[in-house]
Amino acid sequence: MKASLTHSWNVTPAEAIALQQALRGRVILADRLGTVRRVAGVDVGFEADGTVTRAAVAVLAYPGLELLETTIARRPTEFPYVPGLLSFRELPAVLDALTQLCEPPDLLLCDGQGIAHPRRFGIASHLGLLMDVPSIGVGKTRLYGTGVEPAHQRGQWSPLRAHQEVIGAIVRTRSGVKPLYVSSGHRVSLETAIGYVMGCCTRYRLPETTRQAHRLASG
DNA sequence: GCGACAG
DNA sequence: ATCTTGTCGC
């Protein structure tokens, strides 16, 4: 039987860090996914001067990328933005939006990092673990780790490292445009993650999943 | 002690 | 994240 992973969101920053340390060992970095037919993009926006968090999910068909389903959820914002603790601010609303889906997705693409995080437990890892769904972190900027710029051609990438370990990849999703920071969230290897991110990127820097979710979260 | 710091 | 017009480059 699968152990329950639910926990309280009513925590202090110090307690949040302790929770990340307690859960990080459960993250699976090997490929444990089936056929991917439904890819979900997740994004968050804020309303009413930041007092309300709005989460949006856009499910696209894979590999065709047709829009299949969308959900939106609103919750009072209860946790501040603290680098390294983003999931405690955004996931409560995201979970509400995800549970509204008619059918669970086969893969999640999150705004923000997976294991490319100081405690290897970014928002994508946290969400993938809680939902028990394969997940990938897709950040627009770097949070943790070092790496060189990949060649300027679409599809080129370079490793993102921390303490001699490869924790992610700096990926050129579009020629001549600023690269993205991709990392395993849960149940997806880095190589597989890069493949799905590229598979979701057509003519823009960001994956279509993220673009659709962003349109809903802040439109 | 001084920077860095997802969204 | 969010506040916001024009502007440089392909």
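Which residues does Val-57 touch, if we do not count residues up to four places away in sequence? Before I answer, please keep in mind that what you see above is a predicted model.

With those sequence neighbours left out, Val-57 touches Ala-40, Val-42, Thr-70 and Thr-71, and also Ala-97, Leu-98, Leu-101 and Ala-213. Val-57 belongs to the largest nonpolar core, a set of 55 residues, and it is listed with Val-94, Ile-136, Val-182 and Val-197 among those that have the most contacts inside that core. The element that gives the most to this core is helix H2, spanning residues 86-99, which contributes seven residues.

Let me turn now to the strands, beginning with S7, which covers residues 165-171 and is mostly covered, with five of its seven residues buried. On one side we can follow its pairing with strand S6, residues 157-162, which is antiparallel and extends over six bridges; within that pairing, Trp-157 has Val-171 of S7 as its bridge partner. The two strands form a hairpin with two residues between them, and in the turn His-163 shows a positive phi of about 55 degrees. S7 is also joined to strand S8, residues 180-186, by three bridges, and these two strands run antiparallel as well, with Ile-170 standing opposite Tyr-181 in S8.

Finally, the DNA. Around DNA strand B there are 18 residues, of which the closest are Tyr-81, Gly-112, Gly-122, Lys-140 and Leu-143. Sorted by class, the surface near DNA strand B comprises seven nonpolar residues, eight polar residues and three charged residues.

How values were computed
Residues numbered from 1 in each chain as written. Chains lettered and ligands numbered in written order. Predicted model: local features only at pLDDT ≥ 70, side-chain atom pairs only at ≥ 80, totals over all residues. Near = placed C-beta within 6 Å. Nonpolar A, V, L, I, M, F, W, Y, C, P; charged D, E, K, R; others polar. Buried ≥ 20, exposed ≤ 12 C-beta atoms within 10 Å, placed from the backbone. Helix = DSSP H or I, 4+ residues; strand = E, 2+ residues; numbered from the N terminus. Pairing = 2+ DSSP bridges. Core = buried A, V, L, I, M, F, W, Y, C linked by C-beta atoms within 7 Å. Contact = placed C-beta atoms within 7 Å.
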